[in-house]
Amino acid sequence: GVAIIKNFYSDQETEKIKKECFNLLNDVPTNKIDSQDYIQAEDISVGNKKIYLEKLGSSIKLKGLNILNSFFSKIGRKIELSLITLVYHNRKSKPYLIYNVSHDGNSTHPVLKNYSGSKEAIAGKPHVDLYYHRLRCFLALGDVKRDNGATIYYNKSRSSNFLEQNYLNLFLKAIDIKINDKDSHFINENKLNDIKMNCEKSYLECQKGDLALIDLKTPHYAVLPKTGERQLLWFYY
């Protein structure tokens, strides 16, 4: 359910992308984030374009960067990635870009500062995103290790039968059939214990410039860094 393409972007290219992403934080009005507990989708104006902010404690996402300018619209259009998504999705796909920063709580940047005191990361509960195979990727804008917030996933767990009800319920929701939602997106504690006993807990570690690929049937969750920060650029399809 997980793969890594090493050195997908050069160090110079990655630094340029990281700088452009980080500069967007200056466009976030601090009055929209000060002392709020969780922000799911707050619109932010960048020039004459609109992107969206999600924030929980010391993790933040800026969504929709691909519409901002030609620089961002070209990211994720490499021929190698286009071939991968063509094979995986059976169609050409243009990525929806999301800049994600998580830190250990010590950032002093006014946008990144943890105003709520929350110790949970965005997408920090064990979950599956889809009932069918679909790709999601991220570019590591810096090294990603266990101590700075590597995503946790369970190796070979999507081929087990523990999550059959989750996948079925996600399918039923997709066709607008009302269900008890407790066993769909999120994985309950009993199922998670079964998965832990039968599947290897793994950390999605990679280096700056690497491209990580995740199958969205794979159970996974985000964690906050114990030290430092983690910066990613997500490609959603």
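Trainee: Which strands each supply at least two residues of the lining of the largest pocket?

Mentor: Keep in mind that we're looking at a predicted model. Here's the general idea: rolling a probe the size of a water molecule over the atoms shows where empty space is left. In this case, the strands that each give at least two residues to the lining of the largest pocket are β3 (49-56), β4 (59-63), β5 (96-103), β10 and β11 (229-236).

Trainee: How much space lies in that largest pocket, and which residues are closest to its centre?

Mentor: The largest pocket holds about 590 Å³ of space. Its lining counts 31 residues, and the closest to the centre are K61, A123, H127, D129 and Y236.

Trainee: And how many cavities of 30 Å³ or more does a search of the whole structure find?

Mentor: One. The largest cavity has about 40 Å³ of space. Click through its lining and you'll meet I33, Q36, D37, K55, L56, G57, K113, N114, Y115 and S116.

Trainee: Back to the strands. How do I read the pairing of β5 with β4 and with β11?

Mentor: Strands of a sheet pair through backbone hydrogen bonds, either parallel or antiparallel. Here β4 and β5 are antiparallel, with five bridges between them. To find your place there, look for I60, which sits opposite V101 in β5. β5 also pairs with β11, again in the antiparallel sense, over eight bridges. One marker for that pairing is H103, whose bridge partner in β11 is E229.

Trainee: Is β5 mostly covered or mostly open?

Mentor: Mostly covered: seven of the eight residues in β5 are buried.

Trainee: What is the strand order in the open sheet of three strands?

Mentor: The order is β8-β7-β10, and the pairing is antiparallel. β8 (200-204) and β10 (220-221) are the edge strands; each has a single partner strand, so one side of each has no neighbour in the sheet. Between β7 (residues 151-155) and β10 there are two bridges. For one of the contacts, start at I152 and look for its bridge partner Y221 in β10.

Trainee: On to the surface. Which residues make the nonpolar patch of about 330 Å²?

Mentor: That patch is made by L168, F171, I175 and I177. L168 belongs to helix α4 (residues 164-174). Its relative accessible area is 40%, so L168 counts as partly exposed, as the exposed class needs over 50%.

Trainee: Where would I find N161?

Mentor: N161 is in the loop between β7 and α4. With a relative accessible area of 53%, N161 is exposed. If you want a ruler check, pick V87: its C-alpha atom is separated from that of N161 by 26 Å, and the two residues are 74 apart along the chain.

Trainee: Last one: which residue other than glycine has a positive phi near 50°?

Mentor: As a general guide, most residues other than glycine have a negative phi, and most peptide bonds are trans. In this model, N7 has a phi near 50°. You'll find N7 in the loop between β1 (2-5) and α1 (11-23), and N7 is exposed, at 59% relative accessible area. D176 isn't a glycine either, and has a positive phi of about 65°. The loop between α4 and α5 (189-198) holds D176. D176 is exposed as well, with a relative accessible area of 70%.

Conventions
Residues are numbered from 1 along each chain as its sequence is written. This is a predicted model: local features need pLDDT of at least 70, side-chain atom pairs count only at pLDDT 80 or more; totals for chains, interfaces and linings use all residues. Side-chain values use heavy atoms; hydrogens and water are left out. Patches are made of residues with over 30% relative accessible area and no salt bridge: like charges are joined within 9 Å, nonpolar side chains (Val, Leu, Ile, Met, Phe, Trp, Tyr) within 5 Å. Accessible areas come from the Shrake-Rupley method with a 1.4 Å probe; for residues, only the protein chains shown count as cover. A salt bridge is a side-chain nitrogen of Lys or Arg within 4 Å of a carboxyl oxygen of Asp or Glu. Helices (H or I, at least four residues) and strands (E, at least two) are DSSP runs, numbered from the N terminus. Buried means under 20% relative accessible area, exposed over 50%, partly exposed in between (1.4 Å probe, protein chains only). Two strands pair if DSSP finds at least two bridges between them. On a 1 Å grid over the protein atoms alone, a cavity is a set of points where a 1.4 Å probe fits but cannot get out, and a pocket is an open set with protein on both sides within 12 Å along at least five of seven lines; lining residues have an atom within 4 Å of a point. Grid points are joined across faces, edges and corners, and a volume is the space filled by probe spheres set on the points.
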